[in-house]
Structures are given as structure tokens and as C-alpha cells.
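Please read the sequence and the 3D structure below before going through the explanation.

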Amino acid sequence: MTASPVHPTIVATRRRPPVYGAWRVRGGLDLDLVRRAADVAAARRGLTRAGQPAVSMSVVELGGGLLGEVVAREFAGGYDLGARPLVRVLVVRGGAAEHLVVVTLHQSVADRRTLGSFVEELAAVHRGPGERWDGGGGGGVDVDPAGAEDGLAFWRERLAGLGPLDFPSDRPRPAVRSGAGVSCAVECGLAGEVAGLAARLGVEAPVVVLAAWTVVLARCSGVRDFAVGVPVPSTANVVPVRVVLDAGVSFGAWVRSVGERVASALAHGRVPVERMVDAVVPEGELFQVFYESVDERPDALLRLGAEVEPVDLETGCAAVDLELTATWRSPGLGLRLTGSADLFDVDTLRQLLDRVPRVLAAGTADPDPAVTRLALMGEAERDLVVNGWNRTTVDYPADRCFHELVERQVTATPDVVAVRCGDRALTYAQLNDRANQLAAELRGLGVGPESLVGIVSTRSVDPVVALLGVLKAGGAYVPLDPAYPPQRLGAIAVDAGVTVVVGTTGPLPPGTCLVPVPGGETGAADLPVVTTPGNLAYVIYTSGSTGQPKGVAVSHRNLVASTAARWTYADPGTDLLTFPLTFDAAAGGLHWMLTKGGTCLMPTEEELHDPRLMARLVREHTITHINTIHSQYRLILEETEPADLRSLEYVDVGGEALPPDLVSMHYRRTPDAILTNCYGPTETTVWAAVCDCRPAHGLAASVPIGRPIPNTRVYLLDEYLAPVAPGVPAELYIGGDGVARGYVGRPGLTAQRFVPDPFGGEPGALLYRTGDRVRYLRDGMIEFLGRVDHQVKIRGFRVELPEIESVIRRHPQVAEVVVTTEEAAPGTRRLVAHVVGTAGAEPARLPDLVREWVAEHLPRFMVPDRIVVLDTMPRTSTGKVDRASFAAPRPKSAPTPGMDRLSGSQLDELLRKLLAERGER
């Protein structure tokens with residue numbers, strides 16, 4: 001029979017590193033006497049086991065080895081309680097007069113007080129026969145399993161609804177922890193200030209440090225309600241101290257609150273942690289972080305030689321995600337942060353640890369300000385994230401309108417093909433001539449600055465003539481997709497106030513004037529420019545959360561700034577442009593090429609939906625640039641040979657998160673071509689950040705969205721619009737010359753999403769609030785974490801759906817994936833993964849393969865309950881995955897009562913019984 005898995009909180013408690021102390025002794029040391037003294041001290045303190053030696057003592061010559069390696073070996077492999085003595089003494093001899101003494105006690109029978117008592121006893125015995133220290137504090141006091149029922153009632157109430165602390169990490173959480181740890185330390189020198197505030201508030205000094213630690217954890221994770229594990233004095237037990245941080249509470253009031261919570265938790269500390277787990281969180285974890293206070297001041301030091309000083313060692317072990325140890329020394333306070341090596345790099349821990357003394361310094365100096373106002377960053381770091389990483393200003397023709405830049409290019413390259421689609425092509429001169437004819441006609445109809453003109457966005461050269469003609473007339477274009485339902489087309493036309501449409505389309509509001517696109521050249525001249533950079537260039541409608549489309553108003557200055565930013569990344573060539581004009585990403589390639597003399601190659605509808613025809617386009621037209629979404633680019637790579645892509649210089653992928661495996665595929669097939677991951681909402685004019693991908697990104701958990709483009713600023717802000725430190729998840733705000741005006745006819749929504757820019761310095765400047773959850777990496781790159789509203793709770797755990805998608809996407813038989821949730825029972829949601837297999841995938845086996853894969857990489861609560869295999873992923877008219885289509889309710893069979901409450905083993909037993917009954921029939 002398979003044993004039930006041990007609960008993660010119990011595993012963490014058992015995996016806690018042994019209780020240890022280390023001292024550097026300078027002077028003579030009688031090792032035989034130390035050994036005998038240790039045996040006597042262990043016996044007196046009750047740290048013995050029948051039939052086994054009391055103490056294991058070893059002496060190591062340091063020689064040419066490194067001290068860290070010697071100590072690491074001491075802690076490697078854990079501590080087998082059944083096979084080894086409860087006390088271990090390691091003496092590292094660096095010479096005749098210098099030793100390092102490490103005393104280790106098993107955590108199940110000892111705590112820091114027990115260690116202190118043992119060490120003083122050892123010192124007393126070593127000093128002379130018959131001496132004994134009477135400081136008390138013997139072996140670990142047992143918890144009380146039999147009388148725990150009253151305590152359990154307290155813990156059920158105290159921990160009701162407790163969720164995990166999902167702290168941002170460098171790597172995805174593994175299904176099983178390795179137990180390896182990394183750590184860093186800092187001397188903060190604030191012992192006097194902390195003690196002074198503790199005395200004024202009537203709490204113990206360690207409580208002040210714990211309060212600062214919880215402030216840092218809450219603000220760096222965005223989680224306000226979580227628990228921290230603390231040891232129960234004189235026992236081997238650990239209790240969770242639940243904290244619920246109120247954003248408006250002062251630091252002084254918060255310290256008092258934490259003190260009360262610690263006292264209350266310790267008062268009920270005789271309930272074994274195993275009982276707590278079973279009664280409160282049978283499927284969750286009580287805590288993911290730990291805090292311990294250690295006293296190493298002179299009256300607690302071991303006096304074995306002429307001169308003794310405590311030494312802070314790194315054990316290389318980590319039982320929980322994060323553990324902060326506060327060590328009180330004379331005259332200072334030392335802090336050591338240990339983190340799981342599965343999750344964190346040491347640089348990340350160092351960055352986090354530095355925030356604790358900063359909060360302590362601010363809070364002890366003035367405990368009255370709210371905890372959310374205490375600075376986590378110093379001036380230098382704040383200046384880096386606000387200004388240093390936003391130094392993107394470059395010159396560009398900000399005094400020109402977009403069509404003026406095209407006219408300049410027409411003069412330079414009149415005979416170069418500007419746009420091609422199917423068997424039709426227009427040179428720059430032909431494009432300009434037809435656009436001039438259209439502009440003159442539109443002006444005759446009254447089109448001028450701020451006029452909105454619809455253009456029918458078919459896949460042909462005509463929409464390009466139309467948009468340029470509208471701009472030359474002084475108006476702004478509104479792309480209309482003829483594939484849209486008539487109701488949507490009509491709603492857009494009414495919302496935008498469109499009365500003139502270029503091209504032909506379906507039903508439009510009565511009175512709409514339809515203007516055809518000119519079909520030939522007449523030698524028409526450029527018209528006088530009547531617009532300014534501040535006038536509208538286009539309005540693109542995007543889906544709204546209410547289901548009603550909203551129009552994003554983009555000015556010429558926005559468009560020119562966005563287009564000019566691309567000039568710094570690549571030279572023009574032949575760009576395969578797969579986006580429709582109703583998708584603002586089309587402007588990225590189209591406008592870029594038209595202002596620099598390149599050629600825009602637009603696939604026909606037939607070519608766009610046939611990977612083989614797309615591959616033929618790439619081969620026959622010597623494509624140098626591809627501007628597309630990642631799924632389309634994957635198809636191109638799969639349907640072409642490397643030789644077909646030799647001309648490829650630049651691939652611009654955007655619109656969706658870029659899968660790491662596609663980066664690897666790109667560099668296997670086209671190693672000489674640049675691959676960029678572009679990010680940007682429509683509201684910031686096509687793009688706002690870009691990552692120049694490297695082969696290493698193919699091995700990462702996710703591909704960053706990069707850094708801000710020229711003349712763009714990005715800010716990662718918390719709920720109070722304050723900048724956050726690197727590594728801290730926050731909402732992304734975008735400023736700069738690409739930020740659009742707002743939404744047409746939606747002043748309320750505009751005010752909600754476009755907020756005053758407190759950092760730019762330019763009067764009236766705005767920031768666009770993206771709703772995207774991101775974080776800064778240490779090098780200033782930005783990592784996309786998901787939508788703010790894509791956070792869900794599964795069985796009380798906060799789950800980020802993109803994290804699960806990232807893991808599933810790495811399965812070799814999965815091409816695409818979308819993870820959603822569905823209601824399993826009223827108030828209960830479960831995970832559903834929708835997957836599209838690769839060409840060689842086995843659809844029948846894919847659900848089981850994916851489920852096993854996720855179980856190997858993520859905790860069990862993140863394994864999807866249902867996996868749906870699709871032939872293709874549903875997409876919107878712009879080519880993006882249509883997530884809304886997954887929200888439709890699916891037909892359900894009658895549910896089995898209580899099925900969702902069954903455990904895995906209960907389900908197995910139920911299935912066995914059903915199969916047995918079926919066999920009996």
C-alpha cells in the first residue's frame with residue numbers, strides 16, 4: 001500500500017536545520033577535556049538516549065581546505081534522529097591556538113534555550129571539576145497531544161480562511177523541495193533603537209524585528225494576510241503567528257498588534273503542529289516563512305579559551321521558503337536570511353534582507369507613520385527604478401505628422417514597392433498619388449482635423465491607400481473589419497461618429513457616405529498639411545470588459561514617436577505583415593516600413609490560413625522581417641526549411657506572451673536573425689517595451705517583455721502609486737510620448753485608466769494603467785506575470801494561471817495552452833487546462849501526460865482537475881487567443897454527491913468498488 005504523503009508543513013518542521021551554535025576560540029583548548037565535558041553536560045541536560053553515546057565529537061584539521069566546505073559537510077544529509085546522538089560537537093582546528101567549535105542539537109528535542117543551557121553547562125564543566133551552571137532550561141519540553149482539543153478550537157478560529165504567502169521567486173516552485181538553502185547576512189547595528197522602542201511599547205525586542213519582517217513580506221508580495229512560523233520556547237514545537245496587515249496602521253500600533261498575536265500563539269503552543277495541520281489546513285500549509293530570535297550576548301557566550309567570539313554560519317539547508325534569524329550580539333543586531341535554493345538566488349535574498357533594517361531604522365526613528373509609507377528602498381535604488389531605467393529620451397521628428405514622413409520617403413524612393421498583397425503591388429509614387437486623390441475627395445466632403453473616417457480593412461493594398469488618404473485629408477482613420485457582425489460595425493460607427501467610410505462594407509447607420517478607393521494614378525499632388533502633431537491619427541476599437549467596444553484615440557505625435565522608436569532597432573526590408581489593420585500591431589510593421597522605404601507584404605486571406613502558402617511567401621519574396629503573433633510564427637518555422645529563411649533578419653513577435661520553446665526553435669532554425677518580444681497595449685500606441693531575445697531565454701521559465709522603448713517610461717507601482725523595488729510584483733504603468741489621449745466618448749473610463757503622471761515633470765502628462773502584473777528583474781528587464789485579474793484561489797491557495805500555462809507549455813507534446821477555472825460547486829472553483837497538441841501528439845493520452853507533467857513540476861493544488869484537448873485554439877479576429885470563449889458554460893452530467901470532497905485515495909477506492917461491481921454483473 002502506498003503511504004500517504006507527509007503534509008508539507010510537517011515536512012518543513014522536520015527539515016528545519018538542527019539547532020546549532022558556533023564560536024571561534026583563540027587560545028589553548030584541551031580537546032580531551034572538551035569531549036568529557038560535553039558528555040557530562042549532555043547527561044545533566046537530559047540529552048541522552050539509552051544504549052547510545054551522549055555526544056558525537058569530531059575534530060577536523062582545516063589545512064588547505066575552506067571553512068565553508070567543512071561546515072557544509074557537517075550539515076549535509078540532514079540529521080538522522082534514530083541513528084545519531086542528540087548532540088554533535090565539531091571542532092575545526094586552524095592551528096595550535098585557534099579553533100572553531102560548532103555545537104549541534106537535534107531540533108526535535110532542543111531549541112535555542114536548550115542550546116544555551118548545554119553550552120553554559122559545558123563551559124562550567126570545562127572550567128573545573130564539580131562546577132555546574134544553574135541557569136535552568138533543560139531539554140525540550142514535550143507538547144501536549146492529549147490535552148490539545150481546547151487549543152485546537154483556538155487554532156481553528158485563528159487560522160480560518162488563511163491562505164499562503166506567495167512570495168515572488170526566481171524560479172517556479174517545484175513539486176518537491178530539495179531542502180537546499182542559500183543565505184546572506186547583514187549587521188544592522190540597531191539593537192539599541194529596537195530595544196528602546198520595544199520598552200516604550202511594552203513588548204520584547206524580537207517582536208519589533210518580527211513586525212518589520214512582516215511589513216517587508218507583505219509589501220514585497222502584495223499579500224496582507226499570512227502566517228509566520230515561530231518556535232515555541234523550551235519545546236520542539238512550532239506555531240504559526242497569523243498577521244493581517246492594515247495598510248493604514250502605524251508602525252508602533254503594528255508592533256503592539258504583532259506582540260499580542262505572538263503572545264496569543266505561544267499561549268496555545270502546546271498543540272502539536274501535526275494536530276494543527278490535520279484540523280486546520282489538511283491540504284494547505286500553515287506557513288511558508290519562519291522567524292527566530294537568537295541571543296548571543298556576552299552572558300551567553302562559551303568560555304573555552306582566552307578569547308571567544310560567536311560565528312554566524314551558513315548551514316546550506318532550508319526547510320521553508322524564507323527564514324529570518326535575528327541574532328542579538330553586543331553591541332549590535334545581526335540578521336541572516338535563508339531561502340530555498342529551489343526558489344531563490346542569493347542576490348535576490350540579499351536585496352530582500354536589506355529592506356528589513358531599512359524598515360527598522362525608519363520605524364524606530366518615528367513609529368507614527370503608516371507601515372505602507374515606510375521606505376523599502378534607499379534614494380539610490382529608488383532613483384534607479386524611477387529614473388535610471390527610464391532614461392530613454394532620444395530625438396525624433398516630434399514636430400511632424402505621420403503622413404509628412406511618408407511623403408518625405410516618397411521623394412526618396414518613388415519606384416520602390418511600398419505594399420504588396422496577392423497579385424497587386426503599389427510603388428511609393430503610386431501609393432502617394434492614389435492617397436492624394438482620395439484626400440482631395442474627402443476634404444470636399446468636409447473631412448478635416450479631428451474628423452473620424454471609417455476604412456474597410458480587407459486584406460489588399462486598398463486599406464493602405466485609404467489610411468494614408470484619410471491622414472492627408474486631415475482626418476483620423478477608424479479601421480472596420482468586414483468580418484465583424486453588422487451590429488458591431490454599426491455600434492463602432494455610431495460610437496465614433498463616423499459618417500464617411502472609405503471602401504465598401506456591410507450595413508452601416510443611415511446616411512453613411514461610402515467613398516471608393518481610387519484605382520489608378522492621375523498625377524495628383526500632395527495637399528497642404530492642415531493637421532498638427534496633437535491631432536488625431538487613428539482610433540482603434542478594442543473589446544471592453546462590459547462587452548461594448550471602446551475606441552482608443554491615438555494622435556500623430558503618439559504614432560510618430562512609436563514609429564520612430566523602431567528606427568533604432570532594424571533597417572527596412574520586406575516585412576511579412578500578418579496582422580489586420582484593426583489590430584494596432586499592424587501599425588508597427590506598416591508605418592515603420594512606409595517611413596523608411598521598406599516593402600509591406602500582406603498575405604491574402606487564403607495565404608494567412610494555410611501554413612504552406614505562408615511558407616511559400618517567405619521563400620519567394622526574400623522576406624527580411626516578420627511581424628506576427630507567436631502561434632503564426634511557429635507555423636512558419638514548422639512549414640519551412642532553414643534554407644528558406646536565410647534572408648530573414650528580424651522577427652518581431654507580439655500580442656501574446658512569447659513561449660520560451662519558440663525562442664529555442666527560432667535559434668535552431670534561424671540563428672542569425674534577431675528575435676524581439678514586443679509588449680504594448682493599444683493605449684500606448686502599438687508597443688512600449690521590447691526584449692531582444694537570446695538563446696538563454698529558451699531555457700527560462702518565461703521570456704521577459706524587456707525594457708522601455710525610446711521616449712517611453714514605465715513604472716511598477718503599488719496600490720498607493722508608489723514605486724516598488726526590483727523583484728516585487730506590481731501593476732505596470734506606462735508614460736511617455738506614446739500614451740494615447742484616452743477613449744472616445746468615455747471620460748469616466750479615461751480618467752480611470754489614464755492617471756496623472758507624478759514622475760514625468762511635464763504638465764498634463766498621463767500614465768496608462770495597464771492592469772498587467774509584472775516585476776523588475778535585477779538587471780532592469782521586466783517580467784510579465786499575468787493580468788491582475790487572472791489571480792484565482794483554488795482551495796484557499798492564490799494561483800496565477802499563467803504560471804500553470806508556462807509549465808504545461810514546456811511539455812514536448814503541447815503546442816498551445818490556456819488555463820481557466822470553472823465552478824465545481826457553489827463557491828468552489830477548479831482548474832481546467834485547454835491544450836492543443838503538437839503534430840506528433842497522442843490526443844487520447846495527452847490529458848494523462850499533461851497531468852503527470854504538471855504534478856512533477858507544481859504543487860498538487862495547481863494540477864488542473866480537467867484537461868480538454870482541442871484541435872485548434874479559438875482566436876479573435878485579431879489573431880489573439882479568445883479567452884472569452886472558454887467562459888461559456890459546458891454541458892454537465894448530473895454530479896456525484898460529494899465527489900469533489902473525496903481525496904485521491906478515496907476516489908481510487910470508489911473506482912475499484914465500481915469496477916468490482918461491474919465484474920460481478
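The paragraphs below go from the chain as a whole to one sheet, two helices, a strand pair and two single residues.

The model is a predicted one. Its protein chain has 921 residues, and 56% of them count as buried. The secondary structure consists of 26 helices and 37 strands. Taking contacts between residues at least 6 apart in sequence, 71% join residues at least 24 apart. The accessible surface of the chain is about 38,100 Å², and carbon and sulfur atoms account for 52% of that area.

One sheet serves as a starting point. It is open, has six strands in the order E5-E11-E10-E8-E6-E7, and its pairing is mixed. Strand E5 (181-187) and strand E7 (238-244) are the edge strands; each has a single partner, so one side of each has no neighbour in the sheet. On average, neighbouring strands here are turned by 25° against each other, with direction ignored. Within this sheet, strand E6 (residues 225-231) and strand E8 (residues 289-295) run parallel and are joined by two bridges. Opposite Val 228 stands Val 289 in E8. Helix H7 (residues 205-221) packs on the sheet, where it touches E6, E7, E8, strand E10 (322-328) and strand E11 (333-340). The direction of H7 makes about 150° with that of E10.

A second helix, H8, covers residues 251-267. Does its length agree or disagree with the span expected at 1.5 Å a residue? The 17 residues of H8 should span 24 Å, and the end C-alpha atoms are 24 Å apart, so the two agree. The buried residues of H8 include Phe 251, Trp 254, Val 255, Val 258 and Val 262. An α-helix has 3.6 residues a turn, so residues three or four places apart point the same way. Also buried in H8 are Gly 252, Gly 259, Ser 264 and Ala 265.

Further along the chain comes strand E18 (residues 536-542). Seven of its seven residues are buried, so E18 is largely enclosed by the rest of the structure. E18 pairs with strand E19 (residues 550-555) in the antiparallel sense, over six bridges. The bridge partner of Thr 542 is Lys 550 in E19.

Two single residues remain. Arg 459 lies in the loop between strand E14 (452-456) and helix H15 (462-473). Is Arg 459 buried or exposed? Its relative accessibility is 15%, and buried means under 20%, so Arg 459 counts as buried. Leaving out residues up to four places away in sequence, Arg 459 touches Cys 421, Leu 577, Thr 578, Phe 579, Pro 580, Pro 603, Thr 604, Glu 605 and Leu 608. Two of these residues are also reached through backbone oxygens: that of Thr 578 lies 2.4 Å from a polar atom of the Arg 459 side chain, and that of Pro 603 is reached by the side chain at 3.5 Å. The C-alpha atom of Arg 459 is separated by 9.0 Å from that of Gly 422, and these two residues are 37 residues apart along the chain.

Thr 712 belongs to strand E27 (residues 712-717). With a relative accessible area of 5%, Thr 712 is buried. Which residues is Thr 712 in contact with, leaving aside its neighbours within four places in sequence? They are Asn 390, Thr 392, Ala 688, Ile 734, Gly 735 and Gly 736.

Definitions and conventions: Residues are numbered from 1 along each chain as its sequence is written. This is a predicted model: local features need pLDDT of at least 70, side-chain atom pairs count only at pLDDT 80 or more; totals for chains, interfaces and linings use all residues. Side-chain values use heavy atoms; hydrogens and water are left out. Helices (H or I, at least four residues) and strands (E, at least two) are DSSP runs, numbered from the N terminus. Buried means under 20% relative accessible area, exposed over 50%, partly exposed in between (1.4 Å probe, protein chains only). Contact means heavy atoms within 4.5 Å. Accessible areas come from the Shrake-Rupley method with a 1.4 Å probe; for residues, only the protein chains shown count as cover. Two strands pair if DSSP finds at least two bridges between them. Axes are lines fitted to C-alpha atoms, for helices over the stretch in contact, and angles run from 0 to 180 degrees between N-to-C directions. A polar contact is a pair of N or O atoms within 3.5 Å; within protein, one must be able to donate a hydrogen and the other to accept it, and residues adjacent in sequence count only if both atoms are side-chain atoms. The expected span of a helix is 1.5 Å times one less than its number of residues.
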